[in-house]
Each structure stands twice: as C-alpha cells, then as structure tokens.
Amino acid sequence: MMGKLIAKAKASVKGIHWPNFKEIFGDTTFAVVTTVVLSLLVFLWTTSIELVINWIMSLF
Amino acid sequence: MILFVLLIGYRIPLPGINEDYLKALGDSLTSSGIGGFFNSLTGSSFQRMSFFALSISPYITSSIVLQLLTIIVPKLQEISKDGSIGKQKMERLTFALGAIIAIIESLAMSIGFGRNGLFTNYTWYMVLFATTVWTVGACFLIWVGQTISNKLIGNGVSLILMFNILTTLPGDAINIFNSFAAESSWWAKILTIVVMAIVIYLVFAYVVVLNSAEKKIHITNSSKSGMRMREANDNVMPLKLNMGGVMPIIFSSSIMSFPVLIAQFVGVKEDSVASKILSCFSQGNWFNLDKPIYTVGVLLFVPLTFAFAYFYSMISFNAKDIADNLRKSGSIINGIRPGQPTADYLEKEAKSMLWIGTTMLLFISLLPTAISGLFGIRGLSFGGTTIIIIVGVILEMKNTIVAQTSSVAYKSLVKKKGR
C-alpha cells in the first residue's frame, strides 16, 4: 500500500519544473525585503495615526 | 499612497463603542483561535470595530459565492466566457453581491454584538448608524480595490488584503520574540532574532517554490497553407503546481471558523459539550500539548482542504474547454490525439499535480499553527495562508512592473529606430 503510494507520488513529481536556486534566492530576497520595508512603513504610519487620534480624543 | 491613506479609516473608532466590551471580545476571539485569522484579513479593524471593520471580507465572500454559482447557473457561465465585457459584468455583479453581504454582515454584527454590550447605548438608531457606516466602508474599500486593478499595478483587492496583513506583522514578530526570549540574556535575544530571520526566510523560499513550480506540457502548433503544412511551432503550456493558490485553505478555514463565530454571537457555555466540540474547530487549539484532544480538528481540516482544492481546480481548470480550444487553433499535445484524449490527459495531469500541490500547501498552512500550538504563542496571525498571500501579491507586482518597464523600453527603442 505504502509502496504503491510512493510510486504514484514519484510518477506525479516527474516532469515538474522546479525553479532553480538563483530564481528562488532572487524572488525570496525580493519578497522578504519588500515585506519588511512595507510592514515597517505601515507600522510607523499606523502608530502616528493612532497618536493623533488619541490626542484628538483626549481633547473631548 | 492610496493604501496608506486608507489605513486612517482602519484606526478611526466608531463613536458610541464600549471599550471594555471591545477588549473582552478581542480576548475571547484570540482564545478561540479565530481572532488572528480575522485580524490579518481585516488589518485589525474588526477587533477595533473601526469605520472599515469589515474591510474587504464581503468582497472575498461574494467572489467565492459567484465562482461557485458560475458552475451551477448557465447564464453566469456565459457571462464569464464573454471576454472583457463579461469580465466587467462579473466585476459589477461581484460588487453588488459584496454590498448585499456587507449589509447582512454589518446588521448581524451590530445586533449580535450590540445586544451583548458593544454599544454604550443599544438603540435602533445606533444599530442603523453602525450598519450604514460599516456597509459604506466595505463598499468604498471594494470600489478602491477595483479602481486600483483597472488603473494601476496588480490586483487592487489583493493589494488591500496584503496591506491588512502587513499591519499585523510587527505585532506578531514582537509576540514571537517575547515568547522565546523576553527574559533571556542579550546573546540569547540576538540568537533568537537570527534564528527567527532564518526560519522566516526559509518559509518564504518554500512559498516561492510552491508558487513557481509547474509542469510544462509541450504543444505543437501547426498552420496549413493550401495542401501543404507551412510551419510547425513548439509551444509550452504551463500547469501550475498550486492551481487553486490559497483558496482551498481560505475555504476550509472559513467553513471551520463559521460555527465558532456563530457561537460567539449566541454565546455558548464554557463547560458544555458544544463548547468542547467547537474547540476542536479552532486552529488556535491545535497542537496544544496541554489539550491534545483538540488536535482532532486537523483530521477534518486536511480532507476538507483536499476536497476544496479538487473542487476549485475543477472550476478554474476546464480540461474539456482547453482541449477544444487547442483543436480549434490546430494545436496538439505531443503524442496525444486531439479532442477527448487531450481532455483526459490534461485532467489526469491536473489531478496528479493537485495531490502534491495541496500536500505542500497544507504543510505550510499547518506549520505556523503547529509552532504556535507547541510553543504556546497565542493570537498569532502570521500564518502560512498570510505568507502565501504576501508572496503571491509581491511577485505579481514585481512581474507587472518588469513587464511594464520592458514595454516602455521597447516602445522607446522602436521610436528611436523610426527616426
């Protein structure tokens, strides 16, 4: 049963084009750097919005 | 820039909200395990009950419903195949259905949570006010998303979804760091940061592989001139490993979190049998060593995801239509006869890819759940689903920018040569 499943999985994997190391490294680095930069910008922006909103709320 | 302006609406609280109840609701959602999922999809606006409390969740629901209806209703099938005009009609239909869902969700939220103490004054006009504000907020976000899609780079709704997720990331990173090294020495803290960075990088790389892997099917395209075959071109038709993207996980997570959310509305007693069964449905309770019995929910989640992946690939990948189109354009898959044999071959290939793709998808989806369960990190929204969405949107954005830059460079080159 297990052997059959492994053989089936091997047959399915055959012919799949996996990205090479250069492609994986390039895309991953781009995705990680973009995520970190954008989330930092979003964090700074939302924190400043919250500070302003809290200040306005404290006036009432 | 537009997206940054939108974030203001995520933070402005609705007037007349009971802060104590809001805090209790946030804690209850976090402990039930669905808080993280909703927070990441709505950019924490759901937990804050701000102007954009629903965010674009009605649009996601309406897209799913319309896609499912397309299989059953022949008229919708006709519209979806009608080129760019059909696409515009489908967009308008998605918007209209999204607006209806937004009204229903806002009304259910304002009555359900309002009755339990969300508003300082629970009156009919407060319910009407909250319903109107949340519905208008959701419709506005959907409109912005569709406008971005039509005029700028990438898919607008996906971009909004990505920004929603990004707002919860810094909090998650701090959460993970505190769970492992809050009271450790400086060296242990630095080591934790380095290990965290490596693990996150590897997870991103895994998602990149999952997104990029494909099976290339070789097609020979021949055109006839009179009685003689003039030329034969070899082309490649790519079949993506993960055809359904993140949709199967979103489907199964939504189905499993639905009873938990309903229980929040009606209020189920903590020690009851229903509460224990519902705890198995919450991803936040899985892989918890103190209560291992709740991990039984994974046994439902895995087959449900496979079923949805199969179902979704059957909707989005119509082997018979592709085989017909290939035959009409005079193309054949090498070694396969046109017509029904081609359709059978494509279906067989798609099914074999589905098993591997969904297994890989399940692994990345359950990995963060397992880590947060085993190490006791609560309220984590940084799941496999969110990483798949982030990587997918960023890579799509990158490809669009590269394509547009190449197009501009080509046009300027043609212009120069013309002079």
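The expected span of a helix is 1.5 Å times one less than its number of residues. The legends below describe close-up views of a predicted model.

**View 1. Helix α2 of chain A, end to end.** Helix α2 of chain A covers residues 21–59, which is 39 residues, so a span of 57 Å is expected at 1.5 Å a residue. The C-alpha atoms at the two ends of helix α2 are 57 Å apart, in agreement with that value. At the N-terminal end of α2(A), N20(A) acts as a cap. A side-chain oxygen of N20(A) lies 3.2 Å from the backbone nitrogen of K22(A).

**View 2. Chain A as a whole.** Chain A holds 2 helices and 1 strand, and from the N terminus on these elements run α-β-α. Of the 60 residues in chain A, 27% are buried. The accessible surface of chain A is about 4600 Å², and carbon and sulfur atoms account for 78% of this area.

**View 3. A salt bridge between chains A and B.** D27(A) and K398(B) form a salt bridge, with their closest N and O atoms 2.7 Å apart. D27(A) belongs to helix α2 of chain A and K398(B) to helix α16 (residues 384–418) of chain B, so this pair joins two chains. D27(A) counts as buried because its relative accessibility is 16%, whereas K398(B), at 23%, counts as partly exposed. In general, side chains of opposite charge can pair when their charged atoms come close. Over all chains, the count of salt bridges is 4.

**View 4. A salt bridge within helix α14 of chain B.** D324(B) forms a salt bridge with R327(B), and the closest N and O atoms are 3.6 Å apart. Because D324(B) and R327(B) are 3 residues apart in helix α14 of chain B, about one helical turn separates them. D324(B) is partly exposed, with a relative accessible area of 23%. R327(B) also counts as partly exposed, at 46% relative accessibility.

**View 5. A salt bridge within helix α15 of chain B.** The side chains of K351(B) and E347(B) meet in a salt bridge with an N to O distance of 3.8 Å. Both residues lie in helix α15 (residues 340–374) of chain B, where K351(B) and E347(B) are 4 residues apart, about one turn of the helix. The relative accessibility of K351(B) is 31%, so K351(B) counts as partly exposed. E347(B), at 32%, is partly exposed as well.

**View 6. A nonpolar surface patch with residues from chains A and B.** W45(A), M1(B), V5(B), I8(B), I12(B) and F51(B) make a nonpolar surface patch of about 540 Å². One of these residues, M1(B), lies in the segment before α1 (2–11) of chain B. M1(B) has a relative accessibility of 78% and therefore counts as exposed.

**View 7. Two cysteines of chain B.** C139(B) counts as buried, with a relative accessibility of 17%. C280(B) is buried too, at a relative accessible area of 16%. A disulfide is a covalent bond between the sulfur atoms of two cysteines. A search of the whole structure finds 0 disulfides over all chains.

**View 8. A loop glycine of chain B.** G330(B) lies in the loop between α14 (319–328) and β3 (331–333) of chain B. At 29% relative accessibility, G330(B) counts as partly exposed. Along the chain, G330(B) and L141(B) are 189 residues apart, and 44 Å separates their C-alpha atoms.

Notes
Residues are numbered from 1 along each chain as its sequence is written. Chains are lettered from A and ligands numbered from 1 in the order in which they are written. This is a predicted model: local features need pLDDT of at least 70, side-chain atom pairs count only at pLDDT 80 or more; totals for chains, interfaces and linings use all residues. Side-chain values use heavy atoms; hydrogens and water are left out. Patches are made of residues with over 30% relative accessible area and no salt bridge: like charges are joined within 9 Å, nonpolar side chains (Val, Leu, Ile, Met, Phe, Trp, Tyr) within 5 Å. Accessible areas come from the Shrake-Rupley method with a 1.4 Å probe; for residues, only the protein chains shown count as cover. Buried means under 20% relative accessible area, exposed over 50%, partly exposed in between (1.4 Å probe, protein chains only). A polar contact is a pair of N or O atoms within 3.5 Å; within protein, one must be able to donate a hydrogen and the other to accept it, and residues adjacent in sequence count only if both atoms are side-chain atoms. A disulfide is a pair of cysteine sulfur atoms within 2.5 Å.
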